[in-house]
Amino acid sequence: MPRSAISSAPRTAASTPAAVADAARGIWLRAFRRVRAETERRAAHLTAEDQIVQSMADASPAKWHRAHVTWFFEQFLLVPHDPGYRIFDERFPFLFNSYYVAAGPRHARPNRGLITRPNGEEVAGFRAHVDAAVERLIEQVPAADAPRVFEILEIGLNHEQQHQELLLTDILHAFAQNPTDPVYDAGWQMPQPAKGPRGFVEVPSGIHPVGHNGEGYCFDNELPRHDELIPRVRIARHLVSNAEWLEFIATGGYTTPSLWLSDGWAAVQAEGWQAPGYWRLKDGAKDGNWHAMTLAGLKPVDPSTPVLHVSYYEADAFARFAGKHLPSEAEWEVAARAGLLADAFGIAWQWTRSAYLPYPGYRAADGALGEYNGKFMVSQIVLRGSSLATPDGHARVSYRNFFYPPARWQFSGLRLAEFI
Ligand SMILES: [Fe+2]
């Protein structure tokens, strides 16, 4: 579990529990309103029809995201901690529970796009009902209960931020299935990568602490902090670019089995991959005219920006093609803490070569919230950094994202490493 939310609040001269709680109420109220408003800001670009579509089992409708994050506050904050709270609609927990088995039965994930009712207005009403109740709880919770309430509130806010990113990745996947190439936001622009010399820099070798250092919020999967042995390795300052990926394509990267893991090659065959996700040759061009679906619609692939929407299999194959490796997550973290990485955050989640496993001594929390991360620690790969869709202030150097190896609807890219 994360550290106490109270300890994340700025220090004050307050000394009694009541004074500490009162000092925190305003901070949490502002944080709650800010995060909730950001979800609505992102959804405001979408029509009602956009908000119900589910283009694949891994992606969820925007309306579902808006309701699910609201259910999270109702289920884990209001029901256990506000004796006067009344559930907005008794049917909603079944519809909007995602994967919390201990919280009760739930609607099948692949069928979320079939839920045309409740409609968008009713979901907005659900959000308003929970917003009012949470704000009341923040203002009125007794001081003795405040630390636990604010701790769960903080989890809920970080959870909602994760869904803010998914709201964008999921609608982009849906729009990419539409032959009219819909535009999410005509004003959206691809973030430009850092300038400066490319190449590789040596990571400090030896034993280094990895994991969250205890300052501010973290998810439980970033703990415990522990020692890792870093070998002699160099890591790329920059992310792999579209120009480099075009070279990979042009030299037969997608048609050379020896570059691929067995499962990766099977995915290439089964899915017909010839380029990163959302890339297409416009107007039937035979070569050199790659376009890609972005949040601003279909755009020419810019060779100077980092490659996006590649799977772990593709990242691994590219590394082999380049005669390099992917960094381990510990190598990435030590390099990032040393300030060696350009664009560590804000453009692309970066595949590592590390399986998503518990850190030594990790224990999931008791109860349903213990299902948040721990039960997914098998068969997935860690990505580090953050992406262009990650809300401001959400990620950090110890953050561990994770997806299955074939996934490429996230804003996922890579940087390389080489052993010395
Ligand atoms: Fe969730």
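A salt bridge here is a side-chain nitrogen of Lys or Arg within 4 Å of a carboxyl oxygen of Asp or Glu. The model is a predicted one, and a search of the whole structure finds 25 salt bridges in it.

**Salt bridges between distant parts of the chain**

Arg33 and Glu135 bring their side chains together in one such salt bridge, with N and O 2.8 Å apart. The two residues belong to distant parts of the chain, since Arg33 lies in helix H2 and Glu135 in helix H5, 102 residues apart. Arg33 counts as partly exposed, with a relative accessibility of 44%, whereas Glu135 has a relative accessible area of 19% and is buried; the cut-off for buried is under 20%.

Two further pairs are set beside this one in the table.

| Salt bridge | N to O distance | Separation in sequence |
|---|---|---|
| Arg33 and Glu135 | 2.8 Å | 102 residues |
| Arg234 and Glu418 | 2.9 Å | 184 residues |
| Arg400 and Glu329 | 2.8 Å | 71 residues |

In the salt bridge between Arg234 and Glu418, the pair links strand S4 (residues 233-236), which holds Arg234, to strand S12 (residues 417-419), which holds Glu418. Arg234 is partly exposed at 29% relative accessibility, while Glu418, at 17%, counts as buried.

Arg400 forms its salt bridge with Glu329, and this pair connects the loop between strand S9 (381-384) and strand S10 (401-403), where Arg400 is found, with helix H10 (residues 329-337), where Glu329 is found. Both Arg400 and Glu329 are buried. Elsewhere, salt bridges that share partners join Arg36, Glu40, Arg66, Arg127, Asp131 and Glu160 into one network.

**Helix H5 and what covers it**

Helix H5, which contains Glu135, runs over residues 120-140, and its 21 residues reach 30 Å from the first C-alpha to the last, close to the 30 Å expected at 1.5 Å a residue. At the start of H5, a side-chain oxygen of Asn119 comes to within 3.0 Å of the backbone nitrogen of Glu121. The buried residues of H5 include Val123, Phe126, Val130, Ala133, Val134, Leu137 and Ile138, and also Arg127, Asp131 and Glu135. Of these residues, Arg127 and Asp131 also take part in the salt-bridge network described above. The cover over the buried residues of H5 includes helix H2 (17-43), helix H3 (62-81), helix H4 (92-96) and helix H6 (146-176).

**The iron site**

Helices H3 and H6 also contribute to the iron site, with His68 in H3 and His159 in H6. The protein donors of the iron ion are the NE2 atoms of His68, His159 and His163, which lie 2.1 to 2.2 Å from the ion. Along the chain, these donors follow the spacing H-x90-H-x3-H. Because His68 lies in helix H3 and His159 in helix H6, the pair ties together parts that are 91 residues apart in sequence. His68 and His159 are both buried.

**A strand hairpin**

Strand S6 (residues 290-294) and strand S7 (residues 297-300) run antiparallel and are joined by four bridges. The hairpin that connects S6 to S7 passes through two residues, and Thr294 stands opposite Gly297 in S7.

Terms used
Residues numbered from 1 in each chain as written. Predicted model: local features only at pLDDT ≥ 70, side-chain atom pairs only at ≥ 80, totals over all residues. Heavy atoms only, no water. Expected span 1.5 Å × (residues − 1). Buried < 20%, exposed > 50% of the residue type's maximum accessible area, 1.4 Å probe, protein only. Contact = heavy atoms within 4.5 Å. Polar contact = N/O pair within 3.5 Å; in protein donor to acceptor, adjacent residues only side chain to side chain. Pairing = 2+ DSSP bridges. Donors = N, O, S within 2.8 Å, 3.2 Å for Na, K, Ca; no water.
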